[in-house]
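Biologist: I'm new to this one, so could you walk me through it? I'd like to hear the reasoning behind each label.

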Amino acid sequence: MTIHLPVERAQPIESEHTKDAAPAFLLGRLQDWSREKSLWPLTFGLACCAIEMMASSASKYDISRFGSELFRPSPRQADLMIVSGRVSQKMAPVLREIYDQMPDPKWVIAMGDCAACGGVFNNYAVVQGVDRIVPVDVYVPGCPPRPEALLDSLVKLQEQIGKGQRRA
Amino acid sequence: MADYSSLLVYLALTAAIVTVLVAISGRLAPHHPSAAKARPYECGVSEPQTTETRWPVRFALVAMLFLVFDVEALFFYPWAVLARELRWNGIVAMGGFFAVLGVGYLYARARGALKWR
Amino acid sequence: MTVAQDQLDVAFSATEKGTSADGIRCLLLGPGELLDAARRLRDELGYGRFIDLTAVDSPDEEERFELQYLLYSMDEHTWLRLKVRTEESVPSVTPLFAGANWCERELYDLFGIRFEGHPDLTRIMMPDDWEGYPLRKDSPIGGEPVDFTVTREIYGTATPGGPGEGRSG
């Protein structure tokens with residue numbers, strides 16, 4: 001399957017599920033809190049941003065103090081996909097398949113300029129923004145973004161999850 | 001029989017906690033089944049790929065020979081444990097067994113079945 | 001000049017030679033002479049190591065592609081470049097140098113140059129059902145139009161169609 005993209009700017013994909021209603025008796029708050037505090041990322045390091053993602057998970061910037069204790073290689077065990085790096089045309093169906101195989105609830109952080117908008121690679125080979133393929137929750141600008149920027153985006157996502165705004 | 005009541009209590013508690021947790025998360029989790037989720041995880045390349053490739057025959061040869069000689073080694077263990085009690089009878093019997101398989105081994109070697117390259 | 005380079009001059013006395021900008025000696029060959037020359041270089045003259053194969057597209061020239069093979073002699077520690085001009089196809093050196101296999105697939109994928117005798121000439125970088133040969137100079141770069149502030153200042157409008165538009169070839 002090849003994704004041939006039109007030249008004009010495409011609209012980003014919105015989240016595909018309607019929001020799940022929160023269960024009663026404060027269980028919804030409990031759910032949101034536990035989801036927020038234990039986001040386990042999927043290792044989807046594609047290019048240079050992956051190095052910064054690795055740096056953010058190493059001891060100096062330590063992403064695990066924000067709850068992302070483990071980066072899971074299998075999509076079945078992850079709930080956050082950090083797309084770090086440029087997505088080529090050949091990789092696009094693979095990325096979509098792995099996103100589809102993640103169980104709900106799932107979120108996506110588009111890390112770096114290439115994942116957000118194609119970055120410096122405005123050409124035939126690179127998908128111009130991963131939001132053409134998967135619905136993105138947070139975009140992190142930077143080439144590459146510093147580990148602190150990635151942690152900032154993670155915190156922003158966590159705040160939104162904690163308020164119950166990203167329940168799907 | 002020692003007193004296992006504390007162990008039984010522990011097991012019952014474990015079963016209860018696990019059941020409660022699985023039930024709660026089963027109830028509260030979102031359910032959005034999809035075809036992709038039902039497919040096995042193959043690093044994102046879930047289209048069926050042909051497995052009709054050619055394999056070097058040396059793998060099959062080594063596997064078969066390994067199986068035969070491994071079972072031979074397996075038979076040596078009980079004999080080794082009882083060697084003293086079986087005395088000469090045992091040695092003769094095992095020797096004959098070993099000789100028969102040894103001929104086979106030498107034949108395989110001579111035919112180059114153990115050459116890896 | 002070392003002994004090996006004298007032998008090279010003798011063996012290829014009829015071939016045009018040159019030196020490329022990085023100081024490596026070149027032999028300029030036609031597609032028909034390529035296999036024979038490669039075999040002689042590998043077997044008799046010691047250039048047994050295949051380093052690289054790439055191509056340059058000059059669409060205005062008569063034969064638009066210039067293939068550049070880079071060989072290395074382990075004994076003499078020298079490189080040798082073979083330059084072959086072709087319009088469409090060239091015999092494959094994969095039977096002689098196994099390392100050329102993927103290089104030739106890459107050139108087929110990105111330029112559309114056919115290599116006769118290649119065991120498996122399929123696309124290697126682009127998706128299998130991609131149409132076109134992206135690295136040819138007349139292929140569009142693709143991408144999307146970008147609305148930079150500086151582009152508006154210079155051109156008065158956003159870049160139409162992407163950065164590839166407006167370039168020649």
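Modeller: Sure, starting where chains A and B meet: 22 residues from chain A and 15 residues from chain B take part in the contact. Keep in mind that this is a predicted model.

Biologist: How much area do chain A and chain B bury between them?

Modeller: About 1400 Å², with 53% of it on carbon and sulfur atoms.

Biologist: What makes the pair B:Lys37 and A:Asp104 a salt bridge?

Modeller: The N to O distance between those side chains is 2.5 Å. The cut-off is 4 Å between a side-chain nitrogen of Lys or Arg and a carboxyl oxygen of Asp or Glu, so the pair qualifies. The count between chain A and chain B is two salt bridges.

Biologist: Which helices of chain A each supply at least two residues to the side that touches chain B?

Modeller: Helix H1 (27-37) and helix H3 (92-101) of chain A do. H3(A) gives the largest share, six residues. By class, that side of chain A has 11 nonpolar, four polar and seven charged residues.

Biologist: Now into chain A itself. Why is A:Ser68 called buried?

Modeller: Its relative accessibility is 1%, and buried means under 20%, so A:Ser68 counts as buried. You'll find A:Ser68 in the loop between helix H2 (48-57) and strand E2 (80-84) of chain A.

Biologist: What makes A:Ser68 and the backbone oxygen of A:Leu39 a polar contact?

Modeller: A polar atom of the A:Ser68 side chain lies 2.8 Å from that backbone oxygen. The limit is 3.5 Å for a pair of N or O atoms, one able to donate a hydrogen and the other to accept it, so this pair fits. Leaving aside neighbours within four places in sequence, A:Ser68 also has A:Trp40, A:Pro41, A:Ile63 and A:Leu154 among its contacts.

Biologist: And where is the largest nonpolar core? Which residues have the most contacts inside it?

Modeller: Those are C:Leu41, C:Leu67, C:Tyr69, C:Leu82 and C:Phe115, in a core of 35 residues. Among the elements giving two or more residues to this core are helix H2 (34-43) and strand E4 (65-73) of chain C, while H3(C) gives the most, with six residues. Beyond four places in sequence, C:Phe115 is in contact with residues including C:Leu53, C:Leu67, C:Tyr69 and C:Leu121.

Biologist: Which residues are in the other core?

Modeller: That one lies apart and has 20 residues, among them A:Phe44, A:Val87, A:Ala110 and A:Ile133. In soluble globular proteins, nonpolar side chains tend to be buried together.

Conventions: Residues numbered from 1 in each chain as written. Chains lettered and ligands numbered in written order. Predicted model: local features only at pLDDT ≥ 70, side-chain atom pairs only at ≥ 80, totals over all residues. Heavy atoms only, no water. Contact = heavy atoms within 4.5 Å. Buried area = accessible area lost by both parts, 1.4 Å probe. Helix = DSSP H or I, 4+ residues; strand = E, 2+ residues; numbered from the N terminus. Nonpolar A, V, L, I, M, F, W, Y, C, P; charged D, E, K, R; others polar. Core = buried A, V, L, I, M, F, W, Y, C linked by side-chain atoms within 4.5 Å. Buried < 20%, exposed > 50% of the residue type's maximum accessible area, 1.4 Å probe, protein only.
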